[in-house]
Amino acid sequence: PNFPEDCRNDVQGSAAYPRRGFYFHSGEGTNSVVEGLTIVNGYADTGAGILCDNSSPALINVNFDSNHATVDGGGLACRNHASPTLDNTFFYRCTADDDGGGIYAYDFSSPIIRNSLFRFNQADNRGGGALFVVNSFPEITGTTFQGNSATHGGGVDFVYARGSMTDCLFINNSADYGGGLQCYGNAHCPITNCTFSGNSAVSGGGIYLRNNSSPVIDNSIISFNSQGGSMARHDESNNPVLACTNLFGNTGGDWVSFIASQSAIDGNMSQDPLFCNAGSLDFSLDINSPCTAANGPDCGLIGALGAGCGTIDPDSDHDGLIDEWGRQIVDADPDDEFQTIADVLPGDDFDGDGFSNAREQLGESDPTDNLDTPTPADIHAASGATGFQDGTLDNPFATIQAAIDISAPGDTVRVAGGVYTG
């Protein structure tokens, strides 16, 4: 979001003089627009920044800063079928004594939240440091929840609610139950292409489930949460279904007991997602991450963000065969045992012409045609060589033995000066 600072509504509310920024209560729709405004220092029982009662205005590029509710909804409260649309909004340091430090939605409200940021909001008594939803139907996309806190659902708390979360980041939130998210009481809270990292809780560092809440979690990353494991549940009535989801490096466990059976099916995995720079809050992926769409064609992108750093490793399985070269063998027969790059081994002779795959790569001959054989070549070794090694002058082997192993009659092994082992 772009944070508007030039246009500020300093409400100057306090316990002695409670005031809120706006009160929509006359059935307003999306033609009523608040845009490019900072609302700061609101103080009210509910909805200290804005209260929407049976009204659905459009809030665009609005910054809610340091608003406080003595009950619910420090920044915004939605009630009585209110369905405001929020685009590029920013909720910062908003607090509530009860629920929903940033937003409190109840009584069949349906806020639409897009491309927004919730940072350092707090619910002091119960749930939803950033967002608390009860008996309502939110739709949340492209939104980041960072550094929020509450007793339940440090980032988001769904209670008897139905709503979706897509392309969202849950980062460094904290709670007793559900550092990133809590789904409670028959909550229907599907999660798609979201990333949970750095969250902490006594139980459920990433996600906590209670009272018959069984979300479908697709194409998401739950990694490096610092306390409470990837997720936890209150009892056996909560049974999430995961697909194409990566659980890795969570303190307290990844594929914990009640989801352990899903760890290696339906595209699920436990691999380092290779964030570009999590310490600087960059949760985009290294180009070599197993979670990029290019590296997981069966699942597509896993997590909220795509590739944002790194260079392509030409030899992804580090066996000395360039991936692009090895794909000739993979593609030669779709029904044989060579289905992936990892199945193609340097010492094998796929076409049976007497030359190993590694030697055919060096000679640039066709590994699938036994009539196309490599000509004699120089094979190089250099002590201390690192990185990709195929025996060429630019990429010599680190050992003499490796050069000898791929050589064929007529080849010359050229050894640079140095001390060799192995």
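Begin by selecting Asp87, which is buried, with a relative accessible area of 16%. The model on display is a predicted one. Next, add Arg114 to the selection: this residue is partly exposed, at a relative accessible area of 30%. The side chains of Asp87 and Arg114 form a salt bridge, with an N to O distance of 2.7 Å. Colouring by secondary structure places Asp87 in strand E9 (residues 85-87) and Arg114 in strand E13 (residues 112-114), so the salt bridge ties together parts that are 27 residues apart in sequence.

**Second stop: Asp45 and Arg20**

Select Asp45 and Arg20, another salt bridge, in which the closest N and O atoms are 3.5 Å apart. Asp45 belongs to strand E4 (residues 43-46), while Arg20 sits in the loop between strand E1 (8-10) and strand E2 (22-24); the pair links distant parts of the chain, 25 residues apart. Asp45 has a relative accessibility of 44% and therefore counts as partly exposed. Arg20 is also partly exposed, with a relative accessible area of 24%.

**Third stop: Asp411 and Arg359**

Move to Asp411 and Arg359, whose side chains meet in a salt bridge at 2.7 Å, N to O. Here the link again joins distant parts of the chain, 52 residues apart: Asp411 is in the loop between helix H3 (400-406) and strand E37 (412-415), and Arg359 is in helix H2 (residues 357-363). Because buried denotes under 20% relative accessible area, Asp411 qualifies at 16%, and Arg359 qualifies at 1%.

**Fourth stop: a charged network**

Select Asp98, Asp99 and Arg126 together; these residues are linked in a network of salt bridges. The count of salt bridges in the model comes to eight.

**Fifth stop: the nonpolar cores**

Turn now to the largest nonpolar core, which has 49 residues. Within this core, the residues that touch the most other members are Phe64, Leu76, Phe158, Met165, Phe170, Leu181 and Ile207. Centre the view on Phe64 and display its contacts, leaving aside residues up to four places away in sequence: Ile39, Gly49, Ile50, Leu59, Gly75, Leu76, Phe90, Phe91, Tyr92 and Cys94. Another core, of 15 residues, lies apart from the largest one; to find this second core, select Trp325, Ile341, Ile406 and Tyr420, which are among its members.

Note on methods:
Residues numbered from 1 in each chain as written. Predicted model: local features only at pLDDT ≥ 70, side-chain atom pairs only at ≥ 80, totals over all residues. Heavy atoms only, no water. Core = buried A, V, L, I, M, F, W, Y, C linked by side-chain atoms within 4.5 Å. Buried < 20%, exposed > 50% of the residue type's maximum accessible area, 1.4 Å probe, protein only. Contact = heavy atoms within 4.5 Å. Salt bridge = Lys/Arg side-chain N within 4 Å of Asp/Glu carboxyl O. Helix = DSSP H or I, 4+ residues; strand = E, 2+ residues; numbered from the N terminus.
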